[in-house]
Amino acid sequence: MAKEEKQPALMATYARFPITIVKGKGSYVWNDKNEAYLDFTSGIATCNLGHVPEQVSQKVHQQLELLWHCSNLYEIPAQTKLAEALIQQSLFDQVFFCNSGAEANEAALKIARKYAKDQGHPERTAVVSFKQSFHGRTYATMSVTGQEKIQVGYDPLMSDVRFLAFNKDSDLEKIHDGKTAAVLLELVQGEGGVNPAQKDWLHSLQAICKANDILLIVDEVQTGMGRTGELFAYEHYEIEPDVMTLAKGLGSGFPIGAMLAKGTVAASFTPGTHGTTFGGNPLVATAGLATLTEMTMPSFMEEVKQKAADFKEQLNQLADQYSVITKVKGIGFLIGIEVSVEARKLVTMLQQHHVLTLTAGDSVLRILPPLTVTSREIEYFIQKLELVLIEIQRENKPIN
Ligand SMILES: *Cc1c(COP(=O)(O)O)cnc(C)c1O
């Protein structure tokens, strides 16, 4: 059979913007006409140190000349060092490396079921997740994602998943029914609208998990690696999760994911029980180690926190002035601006001003500046956002 003619070579999974990005440095990217854009998406919370950060670039260049890949059959020094550094910076004991956020969550779901069996609870096969959550696009992670639009057309999904309402106290009693192995949640729902968990609610949730030996898994794929003004978002909440997943910001754009667990849980992964070819290979682990090293420099996170607080204050001032903004939410540099028009309209208008942003659902403009953003760049962004708000306000004004 002849091939169908004139089809694009790429499958149509993305509705792409008409911008071709060919270069990046710091908070800026350049298109194929050499025009600069201020990038307040960070490649979707991935290039947290900005584009092509110097220190990471140097280490990766050195590694490029030495070794790219050798498989996980041998010890990989950069991987070991990165694991040790992650453990030192967190309350977890061991790390498993993979290639993406979905794979990190996949590993977490697998270890949760295995841990339950190892503890003598083979009946505990269920996972509790939350409405509006996002955990990935593989079969298992799509199955625990609380958004119908992600799942439609793919049933039957993974069984034994229950969705509760996020931040709703009265739903917490539904967690423990004797079959639940784990609760999985984002501490700030990213894709689902930039919704931070409420501290009291989270503490009640944790108490139920602890009392019943149900694993608490935090998906920090988007909130981790400094995004919220702490290295990990759980630090804001003073909780002790059993498992944490990371990816996006971990490799500054190199594909690496990680699943971290407390020792008792990690013990359920023994030789042969899980694995991956590429996961944490020399190149990506080097990028990860250099990234973490930068973020743990003295005063790095303090500066992020300060800049994010200043930014939020300026956004709140715009919210006071322009009724298009109904709410400013989020923690640190994971920011959602709820608007009374289609959020996508603002993204498009900002693009015309050469500023890149994202949406989270229909009514939230999601803003993810690099953690290395300067106050001048923030000022510039605020100016452009204000221009767009004025434009929208003018359009919406009734003509009399
Ligand atoms: C992006 C994201 C994922 C999926 O990560 P991939 O690398 O795209 O597989 C999972 N969880 C959260 C919270 C995310 O933001």
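In the predicted model, the largest cavity is lined by Tyr 115, Ala 116, Gln 119, His 121, Arg 124, Ala 181 and Asp 213. By class, three of these lining residues are nonpolar, two are polar and two are charged. The space enclosed in the largest cavity amounts to about 40 Å³. Over the whole structure, the search returns one cavity of 30 Å³ or more.

Among the pockets, the second largest has a volume of about 600 Å³. Its lining comprises 24 residues, of which Asn 72, Gln 79, Val 95, Phe 96 and Phe 97 are the closest to the centre of the pocket. Three secondary-structure elements, helix H3 (77-89), strand E4 (94-98) and strand E12 (257-261), each contribute at least two residues to the lining of this pocket. Charged residues are absent from the lining of the second largest pocket, which is made up of 13 nonpolar and 11 polar residues.

The ligand is surrounded by Ser 100, Gly 101, Ala 102, Asn 105, Phe 134, His 135, Gly 136, Glu 186, Asp 219, Val 221, Gln 222 and Lys 248. Divided by class, this shell contains three nonpolar, six polar and three charged residues. Helix H4 (residues 101-118) makes the greatest contribution to the shell, supplying three residues. Polar contacts to the ligand involve both backbone and side-chain atoms of the protein. On the backbone side, an N or O atom of Gly 101 is placed 2.8 Å from an oxygen atom of the ligand, and a polar backbone atom of Phe 134 lies 3.3 Å from a ligand nitrogen atom. From the side chain of Gln 222, a polar atom is found 2.8 Å from an oxygen atom of the ligand. The ligand taken alone exposes 380 Å², and 81% of that area is buried by the protein.

An open sheet is formed by four strands in the order E13-E14-E17-E16, with antiparallel pairing. Strand E13 (325-331) and strand E16 (358-359) are the edge strands of this sheet, each pairing on one side only. The antiparallel pairing between E13 and strand E14 (residues 334-339) extends over six bridges. Within this part of the sheet, Gly 330 has Ile 335 of E14 as its bridge partner.

How values were computed:
Residues are numbered from 1 along each chain as its sequence is written. This is a predicted model: local features need pLDDT of at least 70, side-chain atom pairs count only at pLDDT 80 or more; totals for chains, interfaces and linings use all residues. Side-chain values use heavy atoms; hydrogens and water are left out. On a 1 Å grid over the protein atoms alone, a cavity is a set of points where a 1.4 Å probe fits but cannot get out, and a pocket is an open set with protein on both sides within 12 Å along at least five of seven lines; lining residues have an atom within 4 Å of a point. Grid points are joined across faces, edges and corners, and a volume is the space filled by probe spheres set on the points. Ala, Val, Leu, Ile, Met, Phe, Trp, Tyr, Cys and Pro count as nonpolar, Asp, Glu, Lys and Arg as charged, and the others, Gly among them, as polar. A residue is near a molecule or strand if one of its heavy atoms lies within 4 Å of it. A polar contact is a pair of N or O atoms within 3.5 Å; within protein, one must be able to donate a hydrogen and the other to accept it, and residues adjacent in sequence count only if both atoms are side-chain atoms. Accessible areas come from the Shrake-Rupley method with a 1.4 Å probe; for residues, only the protein chains shown count as cover. Two strands pair if DSSP finds at least two bridges between them.
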